[in-house]
Amino acid sequence: MQVEKFYYDNRIVKNFAYATILWGAVGMLAGLWIALQLVFPQMNITQYGSFGRLRPLHTNAVIFAFVGNGIFMGVYYSLQRLCKARMFSDKLSNIHFWGWQLIIVAAAITLPLGLSQGTEYAELIWPIDLAITVIWVVFGWNMFGTIIKRREKHLYVAIWFYIATFVTVAVLHIIRSGQLPYSWLQSYSWYSGVQDALVQWWYGHNAVAFFLTTPYLGLMYYFMPKAANRPVYSYKLSIIHFWSLIFLYIWAGPHHLLYTALPNWAQSLGVVFSVMLIFPSWGGMINGLLTLRGAWDRVRDDVILKFMVVAVTAYGMATFEGPMLSLKSVNAVAHYTDWIVAHVHVGALGWNGMLTFGVLYWLIPRIFKTNLYSKKLAANHFWLATLGILFYAIPMYWAGIQQSLMWKQFTEAGQLKYTFLETVTYMKPFYAMRSLGGTLYLIGVFIMFYNIYKTVKTGKLVANEEAEAAPMVKEYVKHTGEHWHRVIERKPIQFMIVSLVVILVGGIIELVPTFMIKSNVPTISSVTPYTPLELQGRDIYVREGCYVCHSQMIRPFRSETERYGEYSKAGEFVYDKPFQWGSKRTGPDLAREGTGNLKKSDGWHFRHFREPSSMSEGSIMPAYPFMIDQAIDTASTASKINAMRSLGVPYEKGYEQFANQELMTQANAVRINLKMEGIEVPANREVIALIAYMQRLGKDISNNKTATFNK
Amino acid sequence: MRRLFIFKNQFIKDPKSIPVSCFHCGDVCDDLTISAESKPFCCQGCKQVYLLLNENNLCNYYDLDKTPGLKAKGKFLSDRFAYLDDAATVQKLISFQSESQVNVHFSIPQMHCSSCIYLLENLHRIEPGVKKSQVNFQLKEVFVMYNPQETTLRKVVELLAFTGYEPYISLQDSTEKRVPAFNRTAVYRIGIAGFCFANIMMLSFPEYFSSGNIDERILKTTFNWINLALSIPVLLFSASGIFISAWKGLRQKFLNIDAPIALAIMVTFARSYYEIISGNGAGYLDSGTGIVFFMLIGRWFQNKTYDSFSFDRDYRAYFPLGVTVVDDGTEKNIPVTQLQKGNRIVVRNEEMIPADAVLMKGTANIDYSFVSGENTAVEKRRGELIYAGGKQMGSIIEMEVIKEPSQSYITQLWNNDIFTHKKNQEQSFIHPWSRYFTGVLLSVAAGTFIFWSFTDASRILPAVTAVLIVACPCSLLLSATFTYGNMLRIFGRNKLYLKNASVIEAMAKINTLVFDKTGTLTQTNTADVQYEGPPLSEKERSIIKTVTRQSSHPLSKIIAASIDTETEIPLTVSSFQEYSGKGFDAVVQDIPVRMGSAGFIKAGNTFITQDTGTAVHIVMDKVHLGKFSIKNQYRPGVAQMVHRLKKTGNQLFVLSGDNDSEQNKLNTLFGAGTPLRFNQSPQQKLDFIKGLQQEGKNVLMLGDGLNDAGALMQSQVGIAVSENSAQFSPASDAILDGSRVLLLDKFISFARAGKNIVLASFILSILYNIVGLSFAVQGILSPMIAAILMPASSISIVLFVSVISSFVARKKGL
Amino acid sequence: MSALFVLIGISILVAGGFLAAFLWSARKGQFDDDYTPSVRMLFDDELNKVPATSTSKKITQTK
């Protein structure tokens with residue numbers, strides 16, 4: 001028992017720091033690019049560069065590459081110091097680092113190729129999902145290893161936030177990735193329709209909660225006191241903050257599905273818990289800001305603190321706005337509009353971005369034992385970033401509200417005042433301004449890039465930083481009375497493993513009956529499985545990421561039923577794997593595209609896909625000429641049918657053998673229609689399949705008006 | 001600690017001089033010659049500490065906080081901590097011992113900032129023998145682990161003392177085992193209750209929002225069963241405390257507030273379980289678990305304790321652990337407990353007299369501030385009896401013990417039985433209330449029963465159970481707990497630290513106040529120095545300042561500080577000879593100077609008369625110039641407070657341990673009609689209080705020092721005044737910071753207001769109950785309504801009392 | 001809504017896991033001191049500071 005000398009691993013911190021800067025730039029560049037695509041549709045260059053495929057690239061790059069690496073940078077730096085120990089294993093650290101970067105690269109390749117699961121923030125295909133799981137376990141292993149061999153008895157609150165991040169993200173990822181592969185790259189979701197939607201937003205919301213929030217709160221609780229060199233305002237409050245957040249967050253998910261076909265009470269559940277969330281969130285924000293009480297003079301001339309203050313403020317705004325948005329009345333206005341886009345960017349650019357920058361400026365000079373190359377440049381970065389956020393958010397808020405009002409506006413005659421196209425063209429100037437904001441923000445990042453590059457040049461990396469501490473010792477205070485989980489509690493790792501296993505086992509036990517009992521969403525007799533051609537068409541729809549701009553969920557408002565027809569019923573989606581309700585209406589809703597007054601001729605669709613603006617003047621939708629040349633992948637039809645059947649879709653046995661014949665007959669029918677409209681195109685083209693799917697949308701209901709609907 | 005150097009700040013009168021503050025302790029530097037590395041220090045002690053830290057590369061200490069240091073006591077006598085070499089004593093202090101490791105917890109009341117934590121947790125850098133040192137700031141405690149091969153307990157303590165963090169080591173703490181900082185079971189209970197409550201709430205939403213008809217039967221039943229599962233730990237574990245206390249009450253034929261609550265909980269759970277199992281309803285588990293959760297929170301909130309204070313110190317807390325006895329010429333250290341009648345003991349400078357003893361060798365100069373709060377030292381001559389508890393200031397003395405420590409003048413007080421029986425235990429006046437409440441409740445239930453048994457028998461069970469459920473007096477309990485919890489905090493903000501909530505109720509009843517003179521009405525740490533005699537020339541003044549600065553005697557320090565000379569004339573002191581307990585002889589630039597007590601000066605100058613108070617005479621060049629007389633200084637504003645207290649119909653008394661030299665002054669302060677009693681022995685003080693109580697008075701005693709301990713114990717509310725929370729204070733119901741004594745009347749009136757607040761909130765909660773009952777008696781209480789009503793009432797009541805009590809506090813200027 | 005079973009089950013299990021974690025840490029005395037750790041985390045890496053630099057710091061600090 002002796003004071004020990006040991007070394008902090010700064011190299012891994014440096015690697016993650018570089019990664020977060022690099023991917024940050026890439027992700028934001030992609031963001032800027034797609035923002036401009038909405039202003040200049042001709043920027044959709046080739047199928048690989050079309051909006052529908054790049055937008056998932058943007059979200060994934062920013063969330064998992066930029067923020068992800070940012071998290072690991074912060075965790076690897078702070079965890080070592082809080083535990084007074086080097087990371088458990090350098091090997092694991094490196095596997096984690098390179099593995100994660102590999103995953104990002106894989107994502108960057110597959111998404112433009114159109115390999116997507118079509119579920120937001122979980123688009124990545126199943127092999128990558130597996131890889132993520134593995135690397136995540138490596139991360140956890142390394143983290144808990146470090147926690148075990150720590151020299152400081154007390155687990156600082158930041159560590160708790162890290163642990164929460166690890167456990168919950170693991171669980172969320174596994175549940176959301178529930179899918180049945182039908183090829184070595186692609187798969188269908190286990191869940192379908194309403195259930196898929198529920199799983200999706202349970203995941204989607206908690207991904208935000210536990211990937212973008214809890215880890216960054218951990219970072220806040222470490223780096224903010226460090227940067228200010230004063231203890232957090234109230235440590236007690238931070239502990240309460242953590243535990244209350246943990247117990248509330250997991251349930252806020254359903255607020256993403258208000259007014260959808262989700263049962264009413266589930267929606268209300270989401271609302272109530274979302275609203276409750278404001279308390280812990282603001283507790284955290286206040287705690288962060290008050291840490292600087294009496295040091296505001298320092299904030300004035302310390303750019304790092306500036307970044308952090310803005311970050312925490314943005315967190316406060318976003319976490320106030322969130323609960324507000326989850327109120328049904330507000331949500332009725334805001335949902336599907338660009339308001340939401342503004343909301344998430346306040347979170348991403350403000351909270352995650354600014355905090356990451358602050359941490360980088362604080363941390364890089366430290367691990368390189370030097371001073372920041374230029375405080376002035378950093379200050380410029382700060383102002384550019386702040387302005388960028390404002391230029392981004394304000395137009396989007398304005399636009400979002402305007403858009404919503406226009407959608408809902410009626411003439412005295414009781415007619416909808418605006419066509420959807422009018423609302424789209426109205427948005428263009430705002431989209432332009434938004435791009436300006438994005439540009440400013442991005443320039444800031446490049447300035448930081450340069451500043452940090454220069455800083456690194458002047459200094460030299462202290463790869464292994466010397467430190468000393470006495471090992472953790474038993475204080476020999478005898479415990480009074482035995483306790484039920486006495487055995488496992490001796491070591492946190494055993495404890496966490498056990499609880500994780502418990503969670504998963506429990507999860508499986510829960511899952512089994514789920515797939516045994518036939519889903520009892522009130523079925524609508526007339527709702528039938530997709531024909532092979534429609535199925536192929538739908539997969540193309542998913543591949544092209546149409547869901548990022550088009551919803552398939554008509555809410556029960558007059559303004560929507562007038563525009564899109566009868567509101568959507570849970571029963572219509574029982575064969576949708578994955579569900580394609582969407583969350584944003586850059587384009588109109590398509591739930592009833594094939595029926596009623598929305599029905600258009602095959603030829604219209606053909607021309608529209610070839611050159612959207614030719615059919616609807618001023619449309620900002622990308623053109624899909626390549627679908628006219630590319631042939632349908634009929635080879636996959638059989639395996640798709642089989643997969644669907646094993647997931648409970650009632651295709652009768654052996655159907656897969658003659659599925660392709662049926663496919664061709666239906667395709668020919670479409671070809672004939674097109675021919676009659678003077679369009680010559682072979683029947684085996686993707687566009688045919690997609691047209692077929694378009695014409696199918698909403699048919700089931702219109703076929704049978706006497707169907708029994710659930711409320 | 002701080003009290004030591006308030007002297008100076010008190011006496012910097014000259015606005016022209018810009019005080020230079022010590023780099024270490026921030027204290028004003030009189031002597032600008034002391035410095036190191038161009039940093040000024042107020043004294044050698046501080047400089048030494050700085051050098052030590054600097055050489056060990058611990059100067060971060062000075063970055064974390066500005067001038068964090070504690071005024072170093074300077075070099076203490078090397079064998080000050082000799083008793084720590086005694087194995088028996090060491091055994092008492094340490095919590096664990098092995099070949100290579102010893103664990104010990106030190107209480108260090110004076111730690112006050114981040115720098116303290118930093119330094120105390122880096123001891124191993126200075127003393128390699130220390131392996132680990134960990135601070136608990138709340139408890140003002142440091143856990144040290146050292147290797148006995150490499151260092152000793154004494155070394156560690158000496159290091160701490162040197163850096164200014166002298167641990168507070170006492171017999172009491174060593175004999176009594178340390179209690180855990182906080183009640184973990186309570187945390188488990190709250191954690192589990194909170195978790196189950198939250199999840200049950202969540203799983204009950206479908207019930208509320210779908211008004212019972214969830215699309216899916218299986219889902220509904222699943223939710224109910226999960227709820228049932230979740231509620232069991234709450235019932236069996238979290239709520240157990242309530243049941244136990246209720247049961248205890250009943251066994252003593254006493255219906256306390258927990259009885260109806262326990263009843264309500266049982267009914268709630270029973271009915272819910274019945275409904276779920278029989279499958280015809282969701283039950284009220286959300287409300288049930290909610291009740292338990294809120295109540296636990298309330299209790300937790302009220303039982304706020306001041307970790308770093310101890311309210312039950314007795315004399316042992318003051319007494320040294322070890323003492324040096326002389327056995328035919330050889331000195332050895334023994335634990336004070338083994339001290340025998342007839343032992344010969346050695347007491348060094350700044351050490352405490354452990355037992356009543358007769359002075360045999362040397363002259364004693366005893367500071368009784370611990371005992372009486374009197375801050376000027378008393379001189380004792382050979383053969384005189386010296387009471388235990390005094391502190392020797394000056395050279396080593398030798399004395400013979402005539403009484404064992406536990407039997408001595410001060411300590412025998414503790415043989416009085418009031419120290420054994422406990423008072424002010426949690427016995428709130430809400431308990432009597434609950435008797436009526438339960439009565440009413442049961443009659444309402446009965447009424448409902450009878451009514452339905454005539455009209456519709458099928459509704460009997462639902463209605464009656466519903467009545468019992470909603471009428472749960474949890475909000476009644478909450479109103480009291482949260483009011484008092486919040487008041488405790490408000491008092492704490494004003495530096496009045498109460499032992500527990502029931503002291504507030506005791507305080508509300510007070511109609512008689514008894515003051516101890518010294519320490520409470522007077523300021524222990526300042527004295528007002530008067531020069532009596534022909535005015536001194538500039539030269540003389542600077543001479544006196546120079547010589548008095550030479551001496552470490554408190555009086556010299558006071559005088560030195562009291563003199564301000566326009567120009568600092570550098571004077572050389574050629575010789576300096578101190579006669580401890582008497583005074584000193586010095587030669588400054590060939591001018592012989594003698595200062596000291598009358599007795600000391602008398603030799604040669606027969607004309608000097610004995611003084612009444614404390615005085616220091618000056619003889620310069622064989623000429624008696626005059627004397628500095630040092631008097632207690634009364635806290636400004638005492639008179640006004642006395643006036644306010646009298647106006648509110650309180651009866652006042654003053655008890656003083658020492659002579660009546662201050663009688664006139666006190667009379668002017670308290671006005672006529674306030675009985676003043678002097679030369680009171682501790683026992684007399686105690687008996688006096690008893691007397692008052694026999695006249696049916698509710699007494700609040702304000703005192704400091706050990707000699708008040710009995711009286712503090714005896715009185716309904718005993719408040720110990722201490723100059724700073726780091727200082728030790730005798731057993732009491734509350735500890736009050738000296739600077740806030742003048743708020744006393746406000747405190748009392750706030751305490752009185754508290755009771756009304758509780759009553760008001762009672763009425764509010766009763767209203768809620770009536771609303772609930774109106775549903776219940778008709779048998780139409782839906783889980784939804786219950787679930788809304790329960791938290792709504794609890795939360796709104798909590799808010800109500802918190803807001804009101806804070807508001808009242810502000811109005812009263814607290 | 002069978003997916004709900006999964007989600008509820010998982011959510012409660014996760015929450016339960018954290019409850020256990022809470023009890024564990026309470027038992028391990030993690031909450032005994034809810035102030036000092038927040039200060040302690042501020043101390044580190046002054047090891048590579050040499051006395052010279054630290055004293056030079058002092059001078060700037062004293063003014």
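## Chain C: helices and burial

In this predicted model, chain C has 63 residues, and 68% of them are buried. What does the chain look like as you follow its elements from the N terminus on? The run is α-α-α, and the count is three helices and zero strands.

Some of chain C can still be reached from outside. The chain exposes about 1,800 Å², and carbon and sulfur atoms supply 69% of that area.

## A nonpolar patch on chain A

Now let's turn to the surface of chain A. Which residues form a nonpolar patch there? They are Tyr233(A), Trp282(A), Ile286(A), Leu290(A) and Phe320(A), and together they have about 410 Å² of accessible area.

Helix 9 of chain A, covering residues 278–290, gives the most to this patch, with three residues. Phe320(A) sits in helix 11 of chain A, which spans residues 303–325. Is Phe320(A) buried or exposed? Its relative accessibility is 38%, so Phe320(A) counts as partly exposed, because that label covers values between 20% and 50%.

## An open sheet in chain B

Chain B offers a sheet to trace by eye. This open sheet has six strands in the order 10-9-11-17-12-15, and their pairing is antiparallel. Which strands lie at the edges? They are strand 10 (330–335) and strand 15 (385–386) of chain B, each of which pairs on one side only.

Look next at how strand 15 of chain B is joined to the sheet. Strand 12 of chain B, made of residues 357–361, pairs with strand 15 in the antiparallel sense over two bridges. For Ala357(B), the bridge partner in strand 15 is Ile386(B).

## A buried methionine in chain B

Where is Met202(B) placed? Met202(B) belongs to helix 9 of chain B, residues 184–209. With a relative accessible area of 4%, Met202(B) is buried.

Distance along a chain and distance in space are separate things to check here. Met202(B) and Asp286(B) are 84 residues apart along the chain, while their C-alpha atoms are separated by 8.9 Å.

## Cysteines and disulfides

A disulfide is a covalent bond between the sulfur atoms of two cysteines. How many disulfides does a search of the whole structure find? The answer is zero over all chains. Take Cys546(A), which is in no disulfide: the nearest cysteine sulfur belongs to Cys549(A) and is 8.5 Å away. To count as a disulfide, two cysteine sulfur atoms must be within 2.5 Å.

Two cysteines are also worth a look for their surroundings. Cys546(A) is buried, at 15% relative accessible area, and Cys196(B) counts as buried at 2% relative accessibility.

Notes:
Residues numbered from 1 in each chain as written. Chains lettered and ligands numbered in written order. Predicted model: local features only at pLDDT ≥ 70, side-chain atom pairs only at ≥ 80, totals over all residues. Heavy atoms only, no water. Buried < 20%, exposed > 50% of the residue type's maximum accessible area, 1.4 Å probe, protein only. Patch = residues over 30% accessible without salt bridge, like charges linked within 9 Å, V, L, I, M, F, W, Y side chains within 5 Å. Areas by Shrake-Rupley, 256 points an atom, 1.4 Å probe, with all protein chains shown as cover. Salt bridge = Lys/Arg side-chain N within 4 Å of Asp/Glu carboxyl O. Helix = DSSP H or I, 4+ residues; strand = E, 2+ residues; numbered from the N terminus. Pairing = 2+ DSSP bridges.
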